[in-house]
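Reader: I should like to work through this structure step by step. May we proceed by question and answer?

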Amino acid sequence: MKVDWLIVGAGFTGLVLAERIASQLGKKVLVVERRDHIGGNAYDYYDEHGTLVHHYGPHLFHTNSEKVWRYLSQFTEWHPYSHQVLALVDGKKVPVPFNLNSLYAVFTPGYASKLEELLLKHYGFGSKVPIFKLRREASGELHVLAEYVYEKVFYGYNLKQWDLKPEELSPSVTGRVPIYISRDDRYFQDRYQAIPKHGYTQMLQRMASHPNIKVLLDADYREIEDEVKFDGMVYTGLIDEFFDYMHGELPYRSLHFEFSYHPVNTYQEVAQVNYPNEHPYTRISEYKHITGQRVYGTTVSIEYPMAYRREHNLPYYPVPREENRKRYNLYLSEAESLSKRVLFAGRLADYKYYNMDQAVARALGSSRNR
Ligand SMILES: Cc1cc2nc3c(=O)[nH]c(=O)nc-3n(C[C@H](O)[C@H](O)[C@H](O)COP(=O)(O)OP(=O)(O)OC[C@H]3O[C@@H](n4cnc5c(N)ncnc54)[C@H](O)[C@@H]3O)c2cc1C
């Protein structure tokens with residue numbers, strides 16, 4: 001078999017590149033995917049109760065990029081949805097990111113109003129103050145508030161998620177967690193927030209339906225690379241695996257999901273409830289809230305973070321630590337030496353957490369240079 005491009009991985013990155021190369025350059029593309037479905041971690045499907053669920057955990061689309069929004073809108077209609085999250089703190093469900101409403105959910109009205117006044121005076125309405133900054137800078141009652149939020153909302157969740165203390169992670173991650181001085185309970189504030197009306201899988205299927213694209217599922221590219229002739233390759237898999245782990249393994253966190261069906265209208269108040277302090281799991285997600293699907297009964301997933309072990313479970317999150325970035329850079333040098341023939345892109349090949357819009361933007365940017 002002869003194609004112009006071999007694309008390894010049928011996630012967002014691989015399929016956006018396939019679509020661009022096929023439709024804009026008129027080239028023939030073979031996408032090879034080792035899982036039995038397209039969509040990578042954004043894969044969704046209807047479970048046996050007819051509920052649309054996200055197989056690898058809740059995926060909320062949000063972006064400020066008009067370009068990404070317009071591009072994806074060619075392949076789907078949208079269901080408008082703004083994500084909301086509550087965290088169980090001292091027996092109460094509190095909006096996160098922690099904001100002015102959260103103050104009133106955990107403290108007495110008098111004390112909450114005093115803290116609100118202090119926050120408004122020092123930082124102003126609408127600002128997002130990183131918890132680390134507040135812990136460092138604030139004194140008196142605001143310092144006590146910072147310690148409270150750090151301990152009750154952030155610390156336990158972070159420890160479960162990464163199995164590391166916040167100070168052991170790159171400041172680029174921990175430095176971002178804010179107290180939001182606002183009454184806005186939405187988890188994201190991006191301009192565009194919505195879910196593909198009939199799911200991510202259908203949107204990505206439409207992308208892959210160009211006549212120049214063929215998709216081969218259930219196949220590792222190594223099984224077929226000798227049988228397929230190609231001029232160029234896009235590789236969206238693990239970069240350390242591509243180079244046979246010659247510089248050692250890049251660490252990841254993995255997850256385990258327990259899905260369960262409940263014969264009730266809704267299981268919880270919002271799509272996501274976090275459990276920072278109790279239980280070994282981090283969050284429970286209820287998909288009906290996200291998709292807006294109107295069916296009786298509801299499906300939720302309980303999410304347990306765990307160590308990643310090659311061939312036992314899947315790599316989900318690159319671990320954002322300086323030492324890992326250094327190791328990745330060794331692989332990047334290897335990748336650069338192949339750059340005429342192989343494009344490395346996506347969350348596994350770049351060893352970088354991307355939101356879906358970032359993965360799309362990265363792929364659109366790379367396709368322009370082909
Ligand atoms: C739990 C979780 C929740 C998330 N929630 C959100 C969210 O709410 N909002 C958001 O914007 N983003 C979210 N994301 C991020 C989103 O999943 C990624 O941005 C997106 O999946 C990146 O796509 P990708 O194509 O780069 O990688 P992937 O989706 O991982 O696709 C890579 C594909 O390559 C395949 N592959 C690898 N090696 C080989 C090989 N050797 N041969 C053949 N195939 C191979 C893999 O099987 C995989 O399907 C979340 C991620 C996780 C893990």
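Author: We begin with a definition: two strands pair if DSSP finds at least two bridges between them. Please keep in mind that this is a predicted model.

Reader: In what order do the strands of the seven-stranded open sheet stand?

Author: Strands of a sheet pair through backbone hydrogen bonds, either parallel or antiparallel. In this sheet the pairing is mixed. The order of its seven strands is β8-β7-β15-β16-β17-β14-β18.

Reader: Which strands stand at the edges of that sheet?

Author: An edge strand has a single partner strand, so one side of it is left without a neighbour in the sheet. The strands in that position are β8 and β18 (317-318).

Reader: How many bridges join β7 to β8, and which residue in the turn has a positive phi?

Author: Strands β7 (residues 85-89) and β8 (residues 92-96) run antiparallel and are joined by five bridges. In one of the pairs, A87 has V94 of β8 as its bridge partner. The two strands form a hairpin with two residues between them, and the turn residue with a positive phi, about 50°, is D90.

Reader: Which residue of β17 is the bridge partner of S285?

Author: Strand β16 (residues 283-286) and strand β17 (residues 298-307) run antiparallel, with four bridges between them. In β17, the partner of S285 is S301.

Reader: How does the open sheet of five strands pair, and what is its average twist from one strand to the next?

Author: Its strands follow the order β12-β2-β1-β13-β19, and the pairing is parallel. At the edges stand β12 (213-216) and β19 (342-344), each with a single partner, so one side of each lacks a neighbour in the sheet. From one strand to the next, the twist averages 15°.

Reader: Which residue of β2 is the bridge partner of V8?

Author: Strand β1 (residues 5-8) pairs with strand β2 (residues 29-32) in the parallel sense, over four bridges. The bridge partner of V8 in β2 is V32.

Reader: Why do the buried residues of helix α2 line one face, and within what arc do they fall?

Author: An α-helix has 3.6 residues a turn, so residues three or four places apart point the same way. In α2 (residues 66-73), the buried residues include V68, W69, Y71 and L72. Seen down the axis of α2, the buried residues line one face of the helix because they fall within an arc of 165°.

Reader: What arc do the buried residues of helix α8 cover?

Author: In α8 (residues 200-207), the buried residues are Y200, T201, M203, L204 and M207. They lie on the same side of α8, because around the axis they cover an arc of only 160°.

Reader: How many residues surround the ligand, and which are the closest?

Author: The ligand is surrounded by 31 residues. The closest of them are T13, E33, L60, Y354 and M356.

Reader: Which polar atoms lie by the ligand, and what percentage of its area does the protein bury?

Author: A backbone N or O atom of R34 is 3.1 Å from a nitrogen atom of the ligand, and a polar backbone atom of L60 is 2.7 Å from an oxygen atom of the ligand. An N or O atom in the side chain of Y353 lies 3.1 Å from a nitrogen atom of the ligand. Taken alone, the ligand exposes 1,000 Å², and the share of this that the protein buries is 97%.

Reader: Which elements give two or more residues to the shell around the ligand?

Author: The elements that meet this condition are α1 (12-24) and α13 (356-368).

Reader: Where is the cis peptide bond that involves P97?

Author: Most residues other than glycine have a negative phi, and most peptide bonds are trans. P97 is placed in the loop between β8 and α3 (100-106). The bond with omega near 0° runs from V96 to P97.

Reader: Is D244 buried or exposed, and what is its relative accessibility?

Author: D244 is in the loop between α10 (239-242) and β14 (252-262). Although it is not a glycine, D244 has a positive phi of about 50°. The cut-off for exposed is over 50%, so D244 counts as exposed at 53%.

Reader: Is Y351 buried or exposed, and what is its relative accessible area?

Author: Y351 lies in the loop between β19 and α13, and its phi is positive, near 45°. Buried means under 20% relative accessible area, and Y351 is therefore buried, at 2%.

Reader: What distance separates the C-alpha atoms of Y192 and N64?

Author: Y192 is in strand β11 (residues 192-196) and is buried, with a relative accessible area of 13%. Y192 and N64 are 128 residues apart along the chain, and their C-alpha atoms are separated by 6.1 Å.

Definitions and conventions:
Residues are numbered from 1 along each chain as its sequence is written. This is a predicted model: local features need pLDDT of at least 70, side-chain atom pairs count only at pLDDT 80 or more; totals for chains, interfaces and linings use all residues. Side-chain values use heavy atoms; hydrogens and water are left out. Axes are lines fitted to C-alpha atoms, for helices over the stretch in contact, and angles run from 0 to 180 degrees between N-to-C directions. Buried means under 20% relative accessible area, exposed over 50%, partly exposed in between (1.4 Å probe, protein chains only). The arc is that of the directions from the helix axis to the C-beta atoms. A residue is near a molecule or strand if one of its heavy atoms lies within 4 Å of it. A polar contact is a pair of N or O atoms within 3.5 Å; within protein, one must be able to donate a hydrogen and the other to accept it, and residues adjacent in sequence count only if both atoms are side-chain atoms. Accessible areas come from the Shrake-Rupley method with a 1.4 Å probe; for residues, only the protein chains shown count as cover.
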